Amino acid sequence: MDNMDILMNDYTREFGSGSATVECNIEVTAKGGVSKLLSVSANVKSATVDKNGDTAKVMATLNCKVVFLNKAGEFDSFDYLCDFTQAINGANNNCNMQDFNYLWAVCGVADIDSSVIGEMIKIQSVVNMKVFGIFNANNEIMGEIPDSIVCKKGSMKVQNLINIVDGTFDMEESFDTGCTVDKILYQDVTAMVNNVKTMDGKCYISGNICGSLCYLSEGIVTSKNFNTPFSEEIECSGMLDDDKANVLIKSADCKIVLTGLEGDNVILMQISVNVRIDCMRQMDKEIVKDAFLADLEIEMEEENCCYQVLDKTYNLFDKIVGSASIGDDMVAVSKVILTSLSRNILVNTYYDDGKIIVEGVLAANVVYMNVENNAQSIMIELPYSLQFDEVVEGQNKKLLAEAIIDNLYAKVKRDKEFEITANISIMVTASSEINCSAVKNVVVTDIKKSNNFSIVIYNCKEGDDLWEVAKAIGTSMENIASQNADLDGDLTGRKIVYYKQINC
C-alpha cells in the first residue's frame, strides 16, 4: 500500500558556529601619535554568508572605535573598518548544507585586546559567529486513506516560508550643543525591533534605536545618550493578516552632520536601518498517527517529524547596576567624561519554572579625569542574571534572544569607586518544538485469525484509551462508543462489551 504525501516545513535553524580572531593595525602618525589609549571598542558592522561546499563562508566587517590622547596630550579618535572572512563548518550539526536556504550570520565581539607599538595601535578582537538559515524539513507521510483502513488521525501545526523581504528605513536625531564642536570623538548606534504586526501585503514593525555620542569642544569632552522609538510599514508581497514574521536587524549605520551657527552647533545624526523579514505561514495539517485493518495483519512504517514553528515574542526590560574600583595606588577620581559600551554578550537564555532567565556580561570603557587633571580609563565588566515575570506557556520551547543597551553611564561613587548603570532591552523569540510520529506506509502481512464470537468483552488495563480498545477488538471507535456509554476519561479497570455481526 503505497500512498505518499510530503509534509513540508520551513523554520530557522542554526547551521553551525565558530569564532575568528581579527587583527587591526591602525596607523596614527597623521594624528600626532599615541601617548595613552582611553577607550577601545568593536562591533561587527555587517555580515553576509555564502555556501561553500559543506561549509558556510562568512564575510564581515569589524568596526573598531578608539579614543586616545596623542603625544601632545590632546583628545583624538579613530573609527576603523576591517574586513575578514571565516569558514563555519556544520558537519557536526547532523544536517546537510543543501537543506538550508537564505543563510545569515549573527556576530558578537567576545574579547578585545589592544596595545600601542610605535605609531601603531594594534587591536585583536575575538568575534563569535553563529550561522542560521531557513531549514527545509520534508517528511513522507501517508496521503489519501483507503476506506478499508481504520485510522487514528491527529492534527499538527506546520509552517512554510512565504517570502523574504529586505527593507530599509531612515530617521534622524539631533542635539543642540550650545557650543562650537571641534571634533566628534565617538558615536555608536544600535537598533532592535520589539513589536511586529502582520497585515495583508505588509509588515508593521516598531522598536528603538539607541546610541551614544561623544564630542570635543575647546578641550572639554561631552557625551550624550539617546533612545529614539521608530515605527515603519514595510511592503511584504504575499503576506496575510494572520501570518507570522521573523524580523532581523541587518545593520544600523549613522552619518553625522554638523549644522547651526558657530558657537551653537547642532549635531544631526542621520541613521539608516536595514532589516530582513521572513514571512511564515502556519496551518494545521491532519496526519495519520496509527492504523489497523479489521481482517488483515499489517506492518506500519512510521516517520518521525521534528521541526520548529514560531510561537511568541517576549519584550523584556530591566536595569543593570554594578560598581568597580580603581587600584589603591591610583590617583583619586575627579569626574567621568565618557562611558562607552565595549560589548554586551548574551551567554544563556532559558526558562526555569516557566519564567525567562537571561544571563550575560556587559563590558564598558569608563574615561575619567583624576584629581590631578589627567585623563585615565578603566574597563569594567558586569556579569548579570535577569529573571522576568513573563511566563513561557507550554513545554519544549526553544528561546532565542537579542538585546540592546541604552543609557549606559558611570558616575563617581567614592574617590576611587564608580557606579555603572544601564538599561537593557531584550527581545526573546520562543519557538515550539514539534516532535511526533506519523504513519508513512501500511503493508499487509497476513490474514487475521477470525473471531467467530458475537460478543467481545475487553478488560481495560492502565494506559488504554478508546483507540487501543478498537484495535484489539477490530472495529472503529465510533462502533464501540455507540454500544458503551461514558467512555471519556480513564478507562482503567473498565469492562467494554461489543456485539458484532457474524457472517455465517
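**Entry 1: the β2/β3 hairpin.** I began with strands β2 and β3, which form a hairpin with 2 residues between them. In the turn, I noted that G53 has a positive phi of about 65°. I record here that the model is a predicted one. I then looked up how the two strands run: β2 (residues 36-52) and β3 (residues 55-69) are antiparallel and are joined by 15 bridges. As one example of the pairing, I located V49, whose bridge partner in β3 is V58.

**Entry 2: S39.** I stayed with strand β2 and turned to S39, which lies in it. Is S39 buried or exposed? I find it buried, because its relative accessibility is 1%. I next listed the polar contacts of its side chain. One joins the side chain of S39 to that of S340 at 2.9 Å. Another links the side chain of S39 with the side chain of N365, at 3.4 Å. Setting aside neighbours within four places in sequence, I found S39 in contact with K65, V66, V67, L338, S340, N365 and V367. Of these contacts, I note that S340 and N365 are also the polar partners recorded above.

**Entry 3: N160.** I moved to strand β7 (residues 150-176), where N160 is placed. I class N160 as buried, since its relative accessible area is 19% and the cut-off for buried is under 20%. Which backbone atom does the side chain of N160 reach? I traced it to the backbone oxygen of M8, at 2.8 Å. Not counting residues up to four places away in sequence, N160 touches M8, N9 and D10, and also C279, M280, R281 and M283. M8 therefore appears in my notes both as a contact of N160 and as the residue whose backbone oxygen its side chain reaches, with N160 itself buried.

**Entry 4: cysteines.** How many disulfides does the structure hold? I count 0. I checked C107, which is in no disulfide; the nearest cysteine sulfur, in C82, is 13 Å away. C107 is partly exposed, with a relative accessible area of 23%.

I then asked why C179 is not bonded to C214. The closest cysteine sulfur to that of C179 is in C214, and the 12 Å between them is too far for a bond, because a disulfide requires the sulfur atoms to be within 2.5 Å. Unlike C107, which is partly exposed, C179 is buried, with a relative accessible area of 18%.

Key:
Residues are numbered from 1 along each chain as its sequence is written. This is a predicted model: local features need pLDDT of at least 70, side-chain atom pairs count only at pLDDT 80 or more; totals for chains, interfaces and linings use all residues. Side-chain values use heavy atoms; hydrogens and water are left out. Buried means under 20% relative accessible area, exposed over 50%, partly exposed in between (1.4 Å probe, protein chains only). Helices (H or I, at least four residues) and strands (E, at least two) are DSSP runs, numbered from the N terminus. A polar contact is a pair of N or O atoms within 3.5 Å; within protein, one must be able to donate a hydrogen and the other to accept it, and residues adjacent in sequence count only if both atoms are side-chain atoms. Contact means heavy atoms within 4.5 Å. Two strands pair if DSSP finds at least two bridges between them.
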